[in-house]
Amino acid sequence: MARVEPVPVNQWPPQMREALAAMTPPEPRHGPLYRKGRPKGLNALGTYAHHPALARAYFTFNGHALLATTLSERQRELILLRVAALRDCRYMWAQHTLIGPDTGLSETEIARIALGPDAQDWDPLDAAMLRAVDELIADATVSETTWADLAAVLDTQQLMDLIASVGAFETTTFLMRALAFDLDDDLLAAQIGPAKD
């Protein structure tokens, strides 16, 4: 049961319009996450509607991580789903198991993300990115070995985006889990794999 009940859309304060606009960065590199007919995550947005100033600030950062990152969309989802799996964040996992296939992640890969970087069949860059997520969440840094593997392929902006994205997505899991976000009815069927908060 949610600790903070979402505000119904028709009761959102006017400041939520500005907050929602902050989700779209000035120079997006990637298209919108939500396609017609896909669940909109209104429980999440309705919870943020309690604090539009925080929502605007956070959506600015999260909007970059989602839509303006120099990483590919597939890499973004790989990182995000690993954070969701490590933090057992059912809401984030359910949302992004719907989005992942649109970015090139197969259902098999999505399920394997929960097993981590040592699971079979990851290519070296995917494994290094997953390992970086694990290391950042465990130790707030990336080991020399993992850094070398990443830096052999990614440029400086991509490395910075990877690190910042883990922080952005982890912050989301803090809010979703600590406030006990309820899954929207239209997200319930999307649950695949380990996340179980």
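## Arg82 and Asp134

In this predicted model, the side chains of Arg82 and Asp134 form a salt bridge, with N and O 2.8 Å apart. The pair ties together distant parts of the chain. Arg82 sits in helix 4, residues 73-86. Asp134 sits in helix 7, residues 124-139. The two are 52 residues apart.

How accessible is Arg82? Its relative accessible area is 6%. The cut-off for buried is under 20%, so Arg82 counts as buried.

## Arg131 and Asp118

Helix 7 also holds Arg131. This residue makes a salt bridge with Asp118, and the closest N and O atoms are 2.5 Å apart. Again the pair links distant parts of the chain. Asp118 lies in the loop between helix 6 (107-113) and helix 7. Here 13 residues separate the partners.

Are these two partners buried or exposed? Arg131 has a relative accessible area of 24%, so it is partly exposed. Asp118 reaches 64% relative accessibility and therefore counts as exposed.

Salt bridges with shared partners also build a network. Its members are Arg74, Glu109 and Asp126.

## Arg76 and Glu77

Arg76 and Glu77 meet through their side chains in a salt bridge, 2.8 Å from N to O. What is the relative accessibility of each partner? Arg76 stands at 2%, so it is buried. Glu77 stands at 0%, so it is buried as well.

By the rule used here, the structure has seven salt bridges. Among them are Arg76 with Glu77, Arg82 with Asp134, and Arg131 with Asp118.

## The cavity

How many cavities of 30 Å³ or more does the structure hold? The count is one. The volume of the largest cavity is about 60 Å³.

Arg76 appears again here, as one of the residues lining the largest cavity. Glu73 is also in the lining, along with Arg35, Arg38 and Asp102. Gly31, Pro32, Leu33, Ile99 and Thr103 complete the list.

What is the make-up of this lining? Five residues are charged, three are nonpolar and two are polar. The buried residue Arg76 thus has two roles in this account: it lines the largest cavity and it pairs with Glu77 in a salt bridge.

Key:
Residues are numbered from 1 along each chain as its sequence is written. This is a predicted model: local features need pLDDT of at least 70, side-chain atom pairs count only at pLDDT 80 or more; totals for chains, interfaces and linings use all residues. Side-chain values use heavy atoms; hydrogens and water are left out. On a 1 Å grid over the protein atoms alone, a cavity is a set of points where a 1.4 Å probe fits but cannot get out, and a pocket is an open set with protein on both sides within 12 Å along at least five of seven lines; lining residues have an atom within 4 Å of a point. Grid points are joined across faces, edges and corners, and a volume is the space filled by probe spheres set on the points. Ala, Val, Leu, Ile, Met, Phe, Trp, Tyr, Cys and Pro count as nonpolar, Asp, Glu, Lys and Arg as charged, and the others, Gly among them, as polar. A salt bridge is a side-chain nitrogen of Lys or Arg within 4 Å of a carboxyl oxygen of Asp or Glu. Buried means under 20% relative accessible area, exposed over 50%, partly exposed in between (1.4 Å probe, protein chains only). Helices (H or I, at least four residues) and strands (E, at least two) are DSSP runs, numbered from the N terminus.
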